[in-house]
Amino acid sequence: MPVRITKLEGTAFLAFPGCKDLLASELSLRFNYGTIRPAATIQGSVFSAKNSQWFGELLYCPDFSVNSRPETKTAKNGDLPYWASVCLLEPFLLEFDSIGEAARALKEIQRNWAPYQYQLFRRGTLIQQKLPYINLKEKNFFKTDPQTGEKSFALEIPNSPMGLYTLTGEKSILAGAVTSSSIPLGLINFVEDHENPPSRAYLKIQESLTLARHFFGTELPGKNSKCFEAGACPGGWTWVLRGLGSEVFAVDRAELVPSLMTDPLVKFMAHDAFTLKPEEVCGQLGCEKLDWVFSDVICYPQRLFEWINLWLESGRTKNMICTIKMQGETDWELIKKFSDIPGSRVVHLHYNKHELTWIYAGR
């Protein structure tokens, strides 16, 4: 049988690891696609949509249409589900007889392909070995100058097209060359530091800063940068900012770890961070305008939205990154208000849990 490629209708969504149910819920409640109905399962419910099919955590929806505007293919704000790490915007079925045929057919379409493997692992590995190399290894956030020992940002994400494919059978592949992300599988995996950071929350700020640079070309915090972190305890985000050389005003009701409390470039205040006025914060750092404002505070999204607008209206910060912590059922109308703020973007991070992240680049 010669290689056969069949263009498919609709869209396919790869859920973030462990977020299959959250993706299904978002499709149902936010996009009115499919239904969530009670079922005798561990979750107590099941997602149902006509003709849709799961392949591991990849959901193919033949009648889910994505707006055909060209910019949609770069995953602009709100066009696609947040709980999908990558979306196949023009999916196709590839049928083949041999591993070599499959690899050749994919290479003829484009260079870069990332494999999503949920079955037939050995066969998938053999196909990937015949494709041009892409780096699927864990990445370093910091790079260290061998002479001075100073740390700086290390990871650059290319903008070249990145396809995704998965084996649905021994001789069939579901794939898409046009996807929503140039990151393989839409996932950034960092080499983790298990000794120095005060908490694993440091991975969230590393990922969100990487995406801020990727989406907006933003200059990241560095030497001489003035940063304010709300809800800083125990200090995971402050630890990253200090690693980049920034001066940090950290506010929380509880103190940071001792190494940060004694750092001369960290100023700490035991206070409710959301009650401090922008001019008071700038006064603490001796500047008229901050380079960055950060928040990983556990609070209701509506309160965070009001606090963000207070800062934006003040004109006292260039950039912001804030975690939107879900409190019960997700208020999708409110999330849209976040995403509609000019110069910003809402994303779900690989290192997020049941939360989203809002990134603002005022430049």
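Is Asp 263 buried or exposed, and what is its relative accessible area? The exercises below begin with this residue.

The structure is a predicted model, in which local features need pLDDT of at least 70 and side-chain atom pairs count only at pLDDT 80 or more, while totals for chains, interfaces and linings use all residues. Residues are numbered from 1 along each chain as its sequence is written, and side-chain values use heavy atoms, with hydrogens and water left out.

**Exercise 1. Classify Asp 263 and describe its salt bridge.**

Solution.
Step 1. The classes are buried (under 20% relative accessible area), exposed (over 50%) and partly exposed (in between), with a 1.4 Å probe and protein chains only. Asp 263 has a relative accessible area of 16% and is therefore buried.
Step 2. A salt bridge requires a side-chain nitrogen of Lys or Arg within 4 Å of a carboxyl oxygen of Asp or Glu. The side chains of Asp 263 and Arg 242 form one, at 2.8 Å from N to O.
Step 3. The pair links distant parts of the chain, 21 residues apart: Asp 263 is in the loop between helix H6 (258-261) and strand E16 (266-270), and Arg 242 is in helix H5 (residues 236-243). Helices (H or I, at least four residues) and strands (E, at least two) are DSSP runs, numbered from the N terminus.

**Exercise 2. Locate the salt bridge between Asp 272 and Arg 253 in the fold, and classify Arg 253.**

Solution.
Step 1. The N to O distance between the side chains of Asp 272 and Arg 253 is 3.7 Å.
Step 2. Asp 272 belongs to the loop between E16 and helix H7 (278-285), and Arg 253 to the loop between strand E15 (247-252) and H6, so the bridge ties together parts that are 19 residues apart in sequence.
Step 3. Arg 253 has a relative accessible area of 64% and is therefore exposed.

**Exercise 3. State how many salt bridges the whole structure holds, and analyse the pair Lys 204 and Glu 355.**

Solution.
Step 1. The search of the whole structure yields 17 salt bridges.
Step 2. Among them is the contact between the side chains of Lys 204 and Glu 355, at 3.0 Å from N to O.
Step 3. Lys 204 is in helix H4 (residues 202-216) and Glu 355 in strand E20 (residues 355-361), so this bridge ties together parts that are 151 residues apart in sequence.
Step 4. Both Lys 204 and Glu 355 are buried.
Step 5. A network of salt bridges links Lys 204 and Glu 355 with Asp 296 and Lys 325.

**Exercise 4. Give the volume of the largest cavity and characterise its lining.**

Solution.
Step 1. On a 1 Å grid over the protein atoms alone, a cavity is a set of points where a 1.4 Å probe fits but cannot get out, and lining residues have an atom within 4 Å of a point. Grid points are joined across faces, edges and corners, and the volume is the space filled by probe spheres set on the points.
Step 2. One cavity of 30 Å³ or more is counted. The volume of the largest cavity is about 40 Å³.
Step 3. Its lining consists of Tyr 116, Gln 117, Tyr 118, Gln 119, Gly 124, Tyr 165, Thr 166 and Leu 167.
Step 4. Strand E12 (residues 163-169) supplies the largest share of that lining, three residues.
Step 5. The lining divides into four nonpolar, four polar and no charged residues.

**Exercise 5. Identify the residues with unusual backbone geometry, and place them.**

Solution.
Step 1. Most residues other than glycine have a negative phi, and most peptide bonds are trans.
Step 2. Asn 32 has a positive phi, near 55°. Asn 32 sits in the loop between helix H1 (20-29) and strand E3 (35-38), and its relative accessibility of 66% makes it exposed.
Step 3. Leu 120, also not a glycine, has a positive phi of about 50°. Leu 120 sits in the loop between strand E9 (113-115) and helix H3 (121-129), and is partly exposed at 28%.
Step 4. The peptide bond between Cys 233 and Pro 234 is cis, with omega about 0°. Pro 234 is in the loop between strand E14 (226-230) and H5.

Methods:
1 Å grid on protein atoms, 1.4 Å probe; cavity = no way out; pocket = protein on both sides within 12 Å on 5 of 7 lines; lining within 4 Å. Nonpolar A, V, L, I, M, F, W, Y, C, P; charged D, E, K, R; others polar.
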